[in-house]
Amino acid sequence: MPCGSLVQQRAMAQHLILATLLAAVALLARGAAGQDYPRLACDYAARNFTPSSRYLANINSIGAALPKNASASPDLFATAVAGAAPDKVWALALCRGDANATYCLSCLGQASRDLPNSCAYNEDAAIYYDKCMLHYSPAGFPDGGSGTTYESLSYEDVEPEETPRFNRVRAVLMNATADYAVRNSTRRYAAGEADTDLPDYPKLYSWAQCTPDLAPARCRRCLAGAIALLPQLYTNSSVGMVLGVRCSVRYQTDPFMDGPVMVRLGAAHPPNPAAPAPAPAPGMGPAVVTPTAAGGTAGRKYSVPGLVLMAVLPILAAINLVTFLCFWRRRRRPLTKTEQPDPGYTKEAEDMDRVDSMLIGISTLRAATGDFAESNKLGEGEFGAVYKGVLPDGDEIAVKRMSKSSPQGVNELKNELALVAKLKHKNLVSLVGVCLEQQERLLVYEFVPNRSLDLLIFDTDKSAQLDWGKRYNIIDGIARGLQYLHEDSQLKVVHRDLKASNILLDSDMNPKISDFGLARIFGREQSQAVTNHVVGTHGYMAPEYVMRGNYSVKSDAFSFGVMVLEIVTGRKNKDCSDSRRSDDLLTSIWEHWMAGTVLEMVDPAMDGCFSEDDVRRCIYIGLLCVQGNPGDRPVMSSVVMMLGSDTVSLQAPSKPASFASNGGAKPEVHKM
């Protein structure tokens with residue numbers, strides 16, 4: 001069994017329960033004594049390690065050094081890596097900007113002792129104290145962190161008549177604090193205060209901080225995402241907090257910071273807060289935590305035994321869930337002592353271990369798909385057919401069955417496996433497993449019920465299912481998925497085959513980028529590559545790729561721009577690499593753009609029900625992305641920012657690629 005024998009699993013569960021009880025009692029005892037009460041973000045979907053595992057030994061090794069390294073750093077920040085795959089541990093530690101080195105060392109030391117037991121031996125977990133946080137994971141340094149919600153034990157509600165004013169002041173103060181943290185602090189940290197003109201709460205205090213290694217733009221996007229959650233989570237609360245691995249924010253009506261205040265706002269705040277900052281980058285979503293207000297008015301009180309039950313019962317339920325999933329889901333088998341990798345363990349070997357852990361038997365997939373019944377076929381392309389299936393645990397899957405004549409060879413298959421297994425984002429399709437038995441080559445993906453975008457957007461009968469709100473969400477989701485691939489994942493990935501048929505839609509019409517058979521990994525400092533074997537789909541390929549074999553993130557941006565224009569118009573682009581053609585979509589869009597009649601190009605299936613400003617913004621972005629010069633195309637983080645704000649000044653593009661030989665028109669600047 002992938003998870004061990006029944007006896008071993010029961011023993012493991014008993015050990016976890018005992019460890020969790022002891023950890024909960026210890027944590028609550030410290031909280032009752034008046035010390036800093038920790039908040040946990042435990043990823044119960046992650047794999048568990050055992051008390052005797054090498055993974056825990058690597059955690060302990062990090063715990064011995066990381067607190068010292070962080071407290072000795074000018075930024076009170078440090079990262080560490082220990083061990084070799086599959087027991088490799090990545091860890092990150094940060095102390096709040098107003099902490100001193102002595103407190104930082106003590107706080108992180110406590111965190112390193114508490115975290116492994118507190119999260120029931122989850123491989124991916126984080127712990128937050130008021131002035132320090134520690135996170136470890138087997139998946140590298142994250143842009144966000146898995147989290148959970150905690151109920152507040154001490155806060156007050158703002159009176160209804162005061163809530164609108166309070167919320168406006170909060171929005172202005174939090175954004176000002178975030179701006180200061182990004183622009184004026186090498187530590188990416190700021191504290192603020194504001195006069196509210198409210199009798200019950202005359203002052204409001206704030207804090208914003210990112211890990212110092214984040215670039216300013218990424219820090220601001222992360223903080224913007226956290227700030228955007230505050231009005232959703234705390235409509236009338238006098239305190240609020242959003243904690244994440246990469247960034248955190250907090251406000252309350254009592255002072256809670258020990259250091260100097262960098263941002264001070266008087267009573268004359270603008271009546272409405274500034275437009276929200278850009279949405280967070282994919283994967284950077286912070287963990288949501290409701291705080292206990294430090295120094296606030298005491299709320300409902302609980303005894304220590306009562307708190308123990310409140311803390312332990314949900315954890316026990318989670319342990320039971322993990323144990324149940326262990327019976328039914330195929331998990332990666334930990335290596336035994338005799339199987340541990342030697343010092344020469346390579347990245348390729350690690351990739352193969354990852355693939356081996358995802359192997360699914362051919363008999364399981366034949367049963368799931370009705371022996372690849374024609375009635376279960378979802379579609380067929382040049383690489384083979386895709387079938388719907390249902391695993392024994394009830395999970396729906398899509399099985400990509402390579403035909404024996406498929407142009408996707410073994411190398412492309414391995415490439416797709418190695419890539420997709422490492423990439424995790426809500427706008428990328430998830431790889432469930434693989435089967436390489438009986439001369440079959442089968443890739444098993446999550447089932448995405450609404451199939452591919454092209455089957456809807458180019459079908460005159462079905463395109464009406466996509467109103468403007470859904471289309472805008474699809475464009476935004478594709479952009480976020482590409483931003484993750486290009487800028488925010490552990491790898492820098494160029495897809496090379498972006499097209500409408502490779503965008504799958506889930507039950508809520510959220511897009512998921514699929515088919516990574518042609519994708520390539522770039523070095524972080526690498527800007528482009530050249531190939532003599534140009535592969536892809538005409539109409540979506542950038543001209544520099546078609547003509548010279550040059551590809552980069554900017555060639556992906558070109559493909560994205562084509563898709564944006566297709567989504568807006570409902571029309572499929574023809575081969576736009578030939579400048580002699582006059583009937584391709586890019587030409588038509590540009591001609592209407594110059595004539596001021598571009599709204600006439602909008603898909604009639606929407607029956608005129610769309611936001612004209614949003615449509616113009618998307619056409620702007622689409623045309624920017626299909627510029628003939630790759631340097632004139634925006635990176636995807638800029639695209640996400642443009643899509644997320646209606647106050648950004650957008651410079652109109654020059655003529656698109658198919659017009660490149662004729663020169664460009666004088667750019668115009670439009671305020672959206």
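## A tour from the antiparallel helices outward

In this predicted model, helices H11 and H13 run roughly antiparallel to each other. Select H11 as residues 468-488 and H13 as residues 553-569. Their axes are 10 Å apart and meet at an angle of about 175 degrees; angles over 145 degrees count as roughly antiparallel.

With both helices selected, display the side chains at their contact. From H11, the contributing residues are Trp468, Arg471, Ile474, Ile475, Ile478, Ala479, Leu482 and His486. On the H13 side, they meet Val553, Asp556, Phe560, Met563, Val564, Ile567 and Val568. Coloured by class, the contact of H11 with H13 shows twelve nonpolar residues, one polar residue and two charged residues.

**The whole protein**

Next, zoom out to the full protein, which has 16 helices and 24 strands. Of its 672 residues, 53% count as buried. The protein exposes about 28900 Å², and 53% of that area is supplied by carbon and sulfur atoms. Among contacts between residues at least 6 apart in sequence, 70% join residues at least 24 apart.

**Aromatic pairs**

A search of the whole structure for aromatic pairs finds eight. Select Tyr234 and Tyr251 to see one of them: the ring centres are 6.3 Å apart and the planes stand at 80 degrees, so the pair is edge-to-face. Tyr234 belongs to the loop between helix H5 (216-233) and strand S8 (239-243), while Tyr251 belongs to strand S9 (residues 247-252), so the pair ties together parts that are 17 residues apart in sequence. Tyr234 counts as buried at 4% relative accessibility, and Tyr251 is also buried, with a relative accessible area of 0%.

Add Phe166 and Tyr201 to the selection. Ring pairs link these two residues with Tyr234 and Tyr251 into a cluster.

Now move to Phe372 and Tyr387. What is the geometry of this aromatic pair, Phe372 with Tyr387? The pair is edge-to-face, with 5.3 Å from centre to centre and 70 degrees between the planes. Phe372 is in the loop between helix H8 (362-368) and strand S12 (377-381), and Tyr387 is in strand S13 (residues 384-390), so the pair links parts of the chain 15 residues apart. Both partners are buried.

**Backbone features**

Most residues other than glycine have a negative phi, and most peptide bonds are trans. The next stops depart from that pattern.

Keep Phe372 selected and inspect its backbone: phi is positive, about 55 degrees, although the residue is not a glycine. The relative accessible area of Phe372 is 6%, so this residue counts as buried.

Select Arg451 next, in the loop between strand S16 (442-446) and helix H10 (454-457). Arg451 is not a glycine either, yet has a positive phi of about 60 degrees. Is Arg451 buried or partly exposed? At 37% relative accessibility, Arg451 counts as partly exposed.

Then centre the view on Ala85 and Pro86, which are joined by a cis peptide bond with omega of about 5 degrees. Pro86 sits in the loop between strand S2 (77-82) and strand S3 (89-95).

**Last stop**

Finish at Lys68, within helix H2 (residues 54-72). Lys68 is exposed, with a relative accessible area of 55%. Draw a distance from its C-alpha atom to that of Ser106: the two atoms are separated by 9.3 Å, and the residues are 38 apart along the chain.

Terms used
Residues are numbered from 1 along each chain as its sequence is written. Side-chain values use heavy atoms; hydrogens and water are left out. Axes are lines fitted to C-alpha atoms, for helices over the stretch in contact, and angles run from 0 to 180 degrees between N-to-C directions. Helices (H or I, at least four residues) and strands (E, at least two) are DSSP runs, numbered from the N terminus. Angles under 35 degrees count as roughly parallel, over 145 as roughly antiparallel, 65 to 115 as roughly perpendicular and the rest as oblique. Contact means heavy atoms within 4.5 Å. Ala, Val, Leu, Ile, Met, Phe, Trp, Tyr, Cys and Pro count as nonpolar, Asp, Glu, Lys and Arg as charged, and the others, Gly among them, as polar. Buried means under 20% relative accessible area, exposed over 50%, partly exposed in between (1.4 Å probe, protein chains only). Accessible areas come from the Shrake-Rupley method with a 1.4 Å probe; for residues, only the protein chains shown count as cover. Rings of Phe, Tyr and Trp (its six-membered ring) pair if their centres lie within 6.5 Å; planes under 30 degrees apart count as stacked, over 60 as edge-to-face and the rest as tilted.
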